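Colleague: I would like to ask how some of the labels on this protein are justified. Could you go through them with me?

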Amino acid sequence: MSLRNPYGDFEITDPQAMRALAHPVRLAALSYLQKNGPATATQLSVHVGASPSVTSWHLRHLESFGLVSDSPPPEGGADKRQRWWKAVARGFRFEMPETSEGAEAGRLLRTEMMSQALDHVQQWISDTEPSLDPEWSRSAGSSNTLLTVTRDEAEALENAIQDLLAPYVQRGQGGAPDDAKPVRLIRMVLPEATN
């Protein structure tokens, strides 16, 4: 599949970067920064389940692959001695490498991404959904659909979905209408094994 990248996501092509991001703390830290904006290692540590020093080490590791970078402290007299971090892009993407070593790194990253996505769904079901306005709750979609498609058709479907979503992703929260809410769309395309 081609990575057309209409969202402007960070494209990961290095298997070592995939392997690095497959670590639960690193992926959680990057996800937090992408969703919430700049933070310090101390602020992130609460959300990623690691001490501030361990979180800082993982952030430096992500920095070595270009996934995060330094950020200026927020306005309002923040302690300038603290190191602030930001994600370099709102999202990331990767294509499964063709080499066996690369494919293994891609599988590790895919596994961790899916694990954290499933954790997010469980947390949404238990914590978020019960407190939603009923109209927003009804707008939450769930489906499990089996398609029979060729590889080219699967790629065309993925491209069409990306094209449909791109304007909403690109505008971000700042360009959305006042009554808009953040909505997480989790897609998993899982080709079935054939006998």
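**Labels and their reasons**

Modeller: Start with the contacts of one residue: leaving aside residues up to four places away in sequence, A28 touches V48 and Q116. Keep in mind that this is a predicted model.

Colleague: What makes V48 a residue that A28 touches?

Modeller: A contact requires heavy atoms within 4.5 Å. A28 meets that condition with V48 and also with Q116.

Colleague: Why is A28 called buried?

Modeller: The relative accessible area of A28 is 17%. Buried means under 20%, so A28 earns the label.

Colleague: Where is A28 found?

Modeller: In helix α2, which covers residues 24-36. A28 shares the buried label there with other residues of α2, among them V25, L27, A29 and L33. In the wider protein of 195 residues, buried residues make up 30%.

Colleague: How do you know that the length of α2 is close to what is expected?

Modeller: The expected span is 1.5 Å times one less than the number of residues. For the 13 residues of α2 the expected value is 18 Å, and the helix reaches 18 Å from its first C-alpha to its last. Just after α2, G37 takes a positive phi of about 90 degrees.

Colleague: How far is A28 from E112 in space, and how far along the chain?

Modeller: Their C-alpha atoms are separated by 9.7 Å, while the two residues lie 84 residues apart along the chain. Across the protein, 64% of the contacts with a separation of 6 or more join residues 24 or more positions apart.

Colleague: Turning to the strands, what makes β2 and β4 a pair?

Modeller: Two strands pair if there are at least two bridges between them. β2 and β4 (residues 84-87) have two bridges, in the antiparallel sense, so they count as paired. On this pairing, A39 has W85 in β4 as its bridge partner.

Colleague: What is the order of strands in the open sheet?

Modeller: The three strands run in the order β2-β4-β3, with antiparallel pairing.

Colleague: Why are β2 and β3 said to stand at the edges?

Modeller: β2 (39-40) and β3 (68-71) each have a single partner strand, so one side of each is left without a neighbour in the sheet.

Colleague: How many helices and strands does the whole protein have?

Modeller: It has seven helices and five strands. Along the sequence they follow the pattern β-α-α-β-α-α-β-β-β-α-α-α.

How values were computed: Residues numbered from 1 in each chain as written. Predicted model: local features only at pLDDT ≥ 70, side-chain atom pairs only at ≥ 80, totals over all residues. Heavy atoms only, no water. Helix = DSSP H or I, 4+ residues; strand = E, 2+ residues; numbered from the N terminus. Buried < 20%, exposed > 50% of the residue type's maximum accessible area, 1.4 Å probe, protein only.
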